[in-house]
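Trainee: Could we go through this model together before I set anything up with it? I'd like to ask as we go.

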Amino acid sequence: MARPKKNVEVPGQESAPLPDAPRADDQTVQQRVGELLDDAALAERNTLLETINEQGATIIARFEELGFTDLADQQLTDNLEFLLLVKKATTAAPAAPHGYVTNEEGKRQPVTGKPVLTAHGWHVPG
């Protein structure tokens with residue numbers, strides 16, 4: 001006696017369409033909503049692009065040149081989350097916001113925000 005054969009389902013290869021898949025009417029409504037929000041999103045995108053430095057602008061220009069799109073087939077450079085990620089990646093933040101101290105071995109180390117024993121005694125940030 002053999003075991004009954006099970007059907008193995010692989011994501012993305014379903015044989016029947018899902019019942020809650022968007023219909024053509026729903027897609028038309030989504031496109032209209034997208035068109036209504038374009039002005040506000042475009043203004044926010046332009047405001048964000050003004051604050052990005054030269055290095056970030058170079059990265060964004062390269063992505064536009066290559067024509068990358070997100071999962072919704074929109075330009076990746078129109079995605080505000082992507083623009084914020086580029087801005088954060090190209091903005092120089094201090095590696096040690098509280099500064100550096102020299103420890104008892106003579107090596108510089110970042111101040112962690114709590115007391116640190118240095119060659120000159122305890123360093124209390126603040």
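Trainee: To begin with the rings, how many aromatic pairs does a search of the whole structure find?

Mentor: This is a predicted model, and a search of the whole structure finds 2 aromatic pairs in it. In one of them Phe 63 and Phe 68 are tilted, with 5.3 Å from centre to centre and 50 degrees between the planes.

Trainee: Why "tilted" at 50 degrees?

Mentor: The pair counts as tilted because stacked needs planes under 30 degrees apart and edge-to-face needs over 60, and the planes of Phe 63 and Phe 68 are 50 degrees apart.

Trainee: Which residues do the ring pairs link into a cluster?

Mentor: Phe 63, Phe 68 and Phe 82 are linked in this way. As for accessibility, Phe 63 is partly exposed at a relative accessible area of 24%, and Phe 68 is also partly exposed, at 39%.

Trainee: Switching to charges, how many salt bridges turn up in the whole structure?

Mentor: The search finds 4 salt bridges. One of them is between Glu 64 and Arg 45, whose closest N and O atoms are 3.1 Å apart; Glu 64 lies in helix H2 and Arg 45 in helix H1, so this pair ties together parts that are 19 residues apart in sequence.

Trainee: Is Arg 45 buried or exposed?

Mentor: Arg 45 is buried, with a relative accessible area of 12%, whereas its partner Glu 64 is partly exposed at 40%.

Trainee: And what else does Arg 45 touch?

Mentor: Leaving aside residues up to four places away in sequence, Arg 45 touches Glu 64, Thr 77, Asp 78, Leu 80 and Leu 83. With Asp 78 there is a side-chain polar contact of 3.0 Å, and Arg 45, Glu 64 and Asp 78 are linked in a network of salt bridges.

Trainee: Where is Arg 62 relative to its salt-bridge partner Glu 65?

Mentor: Both are in helix H2, 3 residues apart, which separates them by about one helical turn, and their closest N and O atoms are 2.7 Å apart. Arg 62 is partly exposed at 43% relative accessibility, while Glu 65 is exposed at 61%.

Trainee: What about Lys 107 and Glu 105, how far is it from N to O there?

Mentor: The side chains of Lys 107 and Glu 105 meet in a salt bridge at 4.0 Å, N to O, and both residues are exposed.

Trainee: Different topic: which residue has a positive phi although it is not a glycine?

Mentor: That is Asp 73, with a phi of about 60 degrees. Most residues other than glycine have a negative phi, so it is a value to look at with care. Asp 73 is in the loop between helix H2 (54–66) and helix H3 (80–90), and at 65% relative accessibility it counts as exposed.

Trainee: Which residues form a nonpolar patch on the surface?

Mentor: Leu 117, Trp 122 and Val 124 form one, with about 350 Å² of accessible area together. Leu 117 is in strand E3, residues 116–118, and is partly exposed at 39% relative accessibility.

Trainee: Last one, what pattern does the chain follow along the sequence?

Mentor: Its 3 helices and 4 strands follow the pattern α-α-α-β-β-β-β. Of the 126 residues in the chain, 14% are buried, and the chain exposes about 11000 Å², with carbon and sulfur atoms supplying 55% of that area.

Definitions and conventions. Residues numbered from 1 in each chain as written. Predicted model: local features only at pLDDT ≥ 70, side-chain atom pairs only at ≥ 80, totals over all residues. Heavy atoms only, no water. Phe/Tyr/Trp six-rings, centres within 6.5 Å; stacked < 30°, edge-to-face > 60°. Buried < 20%, exposed > 50% of the residue type's maximum accessible area, 1.4 Å probe, protein only. Patch = residues over 30% accessible without salt bridge, like charges linked within 9 Å, V, L, I, M, F, W, Y side chains within 5 Å. Areas by Shrake-Rupley, 256 points an atom, 1.4 Å probe, with all protein chains shown as cover. Helix = DSSP H or I, 4+ residues; strand = E, 2+ residues; numbered from the N terminus. Polar contact = N/O pair within 3.5 Å; in protein donor to acceptor, adjacent residues only side chain to side chain. Contact = heavy atoms within 4.5 Å.
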